[in-house]
Structure formats: structure tokens, C-alpha cells
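Subject: A structure to look through

Dear colleague,

I am handing over a structure for you to look at, and below it I have set out what was found in it. Please keep the structure open while you read, and look up each residue as it comes.

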Amino acid sequence: MAGHGRGSGAVALCVALCLAVLAGCGGDPVPDSAAGDVRRLLERRAHAVLERDEKAYERTERSAAGGRAPTDLFANVRDVPLDAWEYRLTGLDRSGARATARAELSYRVKGYDRAPRTAERTLALERHDGRWYVTSERPARKAGQLLWDQGPVRAERGRHSLVLGVGQSAADRRAYRDLADRAVPAVDEAWREKWPGKVVVLVPRTLDGMAGLLGAPAAGYRGIAAVTTGEVGGSGRAPADRVIVNPEAYGVLGDFGKQVVMTHETVHVATRSRTLRATPLWLSEGFADWVGYRGTGRTAARAAPELRRAVRDGRLPAGLPDDADFGFGGRAERLAEAYEGSWLACRMIAEQWGERELGEFYRAVGAHDERAGAVADALRDVLDTTPAEFTARWRTYLRSELR
């Protein structure tokens with residue numbers, strides 16, 4: 001979120017006072033004792049989850065007035081390997097014996113996350129006999145769900161992967177595990193840069209479940225088999241990426257397609273620390289597809305049918321795809337053409353300059369602070385060419401490969 005300048009000392013003082021009482025400006029101030037009690041409640045709750053202490057967890061909860069029981073978060077997260085789980089209270093609105101707490105949940109999956117992932121949570125609280133209890137915990141407004149908000153999570157551990165699923169059979173989870181375990185070595189061979197060499201795959205029950213994890217409408221992901229989430233354009237540490245599968249679209253793919261998609265998404269995990277604000281989508285998506293198809297023998301005509309049709313119809317692209325061409329909500333043919341043209345651009349670099357040069361080009365683009373000039377400088381420094389020359393060469397390559 002962009003920062004804002006301070007208008008005056010009075011405004012800064014107001015903000016400080018609001019933070020001190022953990023209430024929004026304009027809301028009723030909450031006594032420090034209540035905030036402190038809630039903090040301690042959340043500390044006990046976090047410790048119980050982390051230590052798998054069900055009795056201690058149950059002592060943090062109580063059915064709300066009217067008899068509605070809390071969602072069984074403890075049971076839903078039981079199978080997830082964790083080595084961090086912590087709440088940070090960010091706001092508290094109290095009305096008598098009831099309150100609503102806003103908190104930032106930080107958690108880390110053991111053996112996979114180099115830094116915690118965070119999620120904004122809303123907890124409903126009630127006070128009984130001098131103690132606060134949680135009556136419900138849910139995603140904050142406009143925040144995406146966590147997988148365990150959707151039901152009991154089951155884990156399947158592989159050599160290079162961890163599959164976390166809701167509603168899949170053990171056989172299905174093993175199939176995802178095997179795909180991910182094959183993807184990681186394939187990415188290692190192509191990327192040739194140190195990365196953790198592990199991937200976490202989240203498999204919700206349905207497309208709606210995928211959309212819930214992403215905090216977005218399901219319609220935008222209907223034909224998308226999988227996406228990768230994580231920090232991009234930030235610190236470059238890529239602490240905790242996730243591959244999120246759309247089981248409906250992924251399930252209709254053949255074995256070849258499933259492997260290409262899983263390898264593609266694993267590339268995004270491996271390259272995240274080099275995929276920064278200067279990296280255009282044609283390069284990040286094209287490189288991921290290049291690795292996905294690398295060594296498969298798949299021809300351009302078979303792997304790029306939409307772009308081949310466009311070229312044969314006399315609609316040769318004038319330039320490399322813009323970021324807007326990759327929008328999930330647009331025309332399906334346009335999206336396919338963007339991916340296919342990007343793949344062929346990276347394939348051309350690997351064939352005509354070399355695979356090592358393709359990796360160097362990727363890193364050189366990402367090393368820029370801003371998008372402007374990043375591709376042009378990398379083309380000059382790594383490939384000894386210009387944007388105009390590269391585009392012309394790519395268009396010739398498309399004619400040759402897709403005729």
C-alpha cells in the first residue's frame with residue numbers, strides 16, 4: 001500500500017492515539033485491559049494450534065449466544081506441518097460483553113516457507129465470567145480465504161513437494177505430489193540458479209474454492225488450470241509461494257498437459273526472486289512455458305494452435321504481448337495467443353542465442369528498478385540486439401515455425 005504524507009502534528013497524534021487503544025478513529029476507545037486480555041487470548045490460541053494441544057484450543061472458544069459453534073479451525077489445520085502461527089492484534093471494537101477483533105495471522109509451513117505468510121483475520125469475541133472467548137474466526141473483509149477455511153486439510157508429502165488438499169482422495173493427492181516431484185528437477189535443469197527446490201501445492205475442492213483462496217470472482221479463473229501466488233516486485237526473498245490448482249480445469253487435461261502446467265507453475269516459484277517490477281509478463285510466462293515444454297519434443301504447431309491459426313489467417317502479431325493481453329477475463333483466444341507468442345520468443349532465444357543466455361537475459365531484465373528500459377538494456381547487454389531487431393526476428397521466427 002502506498003504511503004501518505006503527514007498533514008500535521010495533530011494528525012500524527014490522532015493516529016498514535018488510535019493505535020494505542022487499537023480502535024479505529026471515530027470508534028469507541030477500548031480500555032487497555034480489554035486489548036491486553038484479547039492479546040493474551042490470541043497468544044494462547046496460537047500456541048495451542050502450534051503445539052497441537054486440542055484441549056488448550058478448546059479453552060479459547062465458546063459457542064456464540066444463540067448456540068452457533070465456532071468453525072473447527074483446529075481440526076481443519078491439524079494435518080498441516082507448521083513451525084509458526086501467531087496473531088497480531090490490529091484492531092478491537094467492543095460493545096459490552098461482545099467484541100470484534102481484527103488480527104494479522106502469520107504462519108509458516110515447516111520445511112517449505114523461508115518467511116511467514118500473513119493473512120488478515122476477523123474474530124468475533126464474547127466475554128463470560130470475566131474472560132474473553134472466540135466465537136468465530138474468518139477472513140477479514142476483502143481478504144482471501146485460507147485453505148483450512150474450506151474444510152479439513154489433508155497433506156501429502158513428496159520428495160520435493162507438499163500437497164495440501166481439501167476434498168480430494170488420497171490417490172488424487174498422490175497424483176499431484178508426483179507431478180510436483182517431477183516438476184522440481186525439470187526446473188532445476190533449466191533455471192540453473194539456487195532456489196529452495198521445493199513447492200507447496202494447494203488443491204481446493206472446486207473452482208469456487210480456488211477463487212476463495214485468491215479473493216476474486218470465480219468467473220475470471222474458469223479456464224485457468226493453476227496459478228502461483230507470492231510476493232512479486234517486493235523484497236525479492238520469495239518467502240512462501242503457493243501453486244493453487246483449479247481442480248475443474250486441471251482435471252480435464254491429459255497427463256502431458258498436467259505435467260506442463262505443474263512445471264510451468266513451479267518455474268514461477270523458482271524464479272520469483274528474479275521476477276520483479278521490471279519483468280514483463282511475456283518474459284515470465286514465456287520462460288515458464290519454455291521450461292514446461294523443454295525436452296518434450298512438442299512442436300510449435302502443436303503447442304501454439306491459436307497463434308498458428310492467426311498467422312495462417314494473415315494476423316501476424318506486430319509486437320510482443322503486452323501485460324494487458326494476459327488478463328484472465330478477456331477473450332480466450334487472445335490469452336492463448338499471448339502465452340504462445342511469449343513461449344516462442346523464449347524458445348527462439350534459447351535456440352538462437354543459447355539456454356544460458358536466456359537465463360541471463362531473464363535475470364538482467366529483473367535487475368532493473370523500473371520497467372522502462374529494462375528489456376532494451378538486457379537485449380543490448382546480453383543478446384547484443386535492439387528491441388526493433390528482436391521483434392523483427394521474432395516475427396520471422398513465428399512465420400517459420402507456424403506456417
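To judge the length of a helix, one needs an expected span, which is 1.5 Å times one less than the number of residues in the helix. Helix α13, residues 355–366, has 12 residues, and the distance from its first C-alpha to its last is 17 Å, close to the 16 Å expected. Please bear in mind throughout that this is a predicted model.

The same reckoning can be applied to α5, whose 22 residues should span 32 Å at 1.5 Å a residue, and this agrees with its end C-alpha atoms, which are 31 Å apart.

The protein as a whole

The protein has 403 residues, of which 49% count as buried, and its secondary structure comes to 15 helices and 9 strands. If one takes the contacts between residues at least 6 apart in sequence, 63% of them join residues at least 24 apart.

The nonpolar core

In soluble globular proteins, nonpolar side chains tend to be buried together. Here the largest nonpolar core has 113 residues, and the members that touch the most other members are W85, L125, W282 and F361. Helix α12, residues 332–352, gives the most to this core, with 10 residues.

Which residues does W282 contact, leaving aside its neighbours within four places in sequence? They are L320, P321, F326, S342, A345, C346, F361, V375 and F390, and F361 is itself one of the core members named above.

Helix α13 and what covers it

F361 is also among the buried residues of α13, together with E357, L358, G359, Y362, R363, V365 and G366. The cover over the buried residues of α13 includes α5 (170–191), α8 (255–271), α9 (281–293), α12 and α14 (374–383).

How the helices pack

Two packed helices are described by the angle between their axes and the distance between the axes. For α5 and α9 the angle is about 115° and the axes are 9 Å apart, which makes α5 roughly perpendicular to α9. The crossing of these two helices, α5 and α9, is right-handed, and the contact is made by A186, V187, A190 and W191 of α5 with F287, W290 and V291 of α9.

Three of these residues of α5, namely V187, A190 and W191, appear again among its buried residues, which also include R173, Y176, R177, L179, A180, D181, A183 and V184.

A second pair is formed by α12 and helix α15 (residues 387–402), whose axes come within 10 Å and cross at roughly 100°, and α12 and α15 are therefore roughly perpendicular to each other. On the side of α12 the contact is made by G341, L344, A345, R347, M348, I349, E351 and Q352, and on the side of α15 by F390, R393, W394, Y397, L398, E401 and L402.

Two residues in strands

A226 lies in strand β8, residues 226–229, and it counts as buried because its relative accessibility is 8%, where buried means under 20%. Although A226 and N246 are 20 residues apart in sequence, their C-alpha atoms are 5.5 Å apart in space. Beyond its neighbours within four places in sequence, A226 is in contact with M210, V243, I244, V245, N246, V261 and E265.

Is E104, at 19% relative accessibility, buried or exposed? E104, which is placed in strand β2 (residues 98–109), counts as buried at that value. Not counting residues up to four places away in sequence, E104 touches E86, Y87, R88, T90, T118, A119 and E120.

Residues with a positive phi

Most residues other than glycine have a negative phi. D129, which is not a glycine, nevertheless has a positive phi of about 50°; it is found in the loop between β3 (117–128) and β4 (131–139), and at 81% relative accessibility D129 counts as exposed. K142 likewise has a positive phi, near 75°, in the loop between β4 and β5 (154–157), and with a relative accessible area of 74% K142 is exposed. Finally, R192, just after α5, takes a positive phi of about 60°.

With best wishes

How values were computed: Residues numbered from 1 in each chain as written. Predicted model: local features only at pLDDT ≥ 70, side-chain atom pairs only at ≥ 80, totals over all residues. Heavy atoms only, no water. Core = buried A, V, L, I, M, F, W, Y, C linked by side-chain atoms within 4.5 Å. Buried < 20%, exposed > 50% of the residue type's maximum accessible area, 1.4 Å probe, protein only. Helix = DSSP H or I, 4+ residues; strand = E, 2+ residues; numbered from the N terminus. Contact = heavy atoms within 4.5 Å. Axes fitted to C-alpha atoms, helices over the stretch in contact; angles between N-to-C directions. Parallel < 35°, antiparallel > 145°, perpendicular 65-115°, else oblique. Left-handed = near helix turned anticlockwise from the far one by under 90°.
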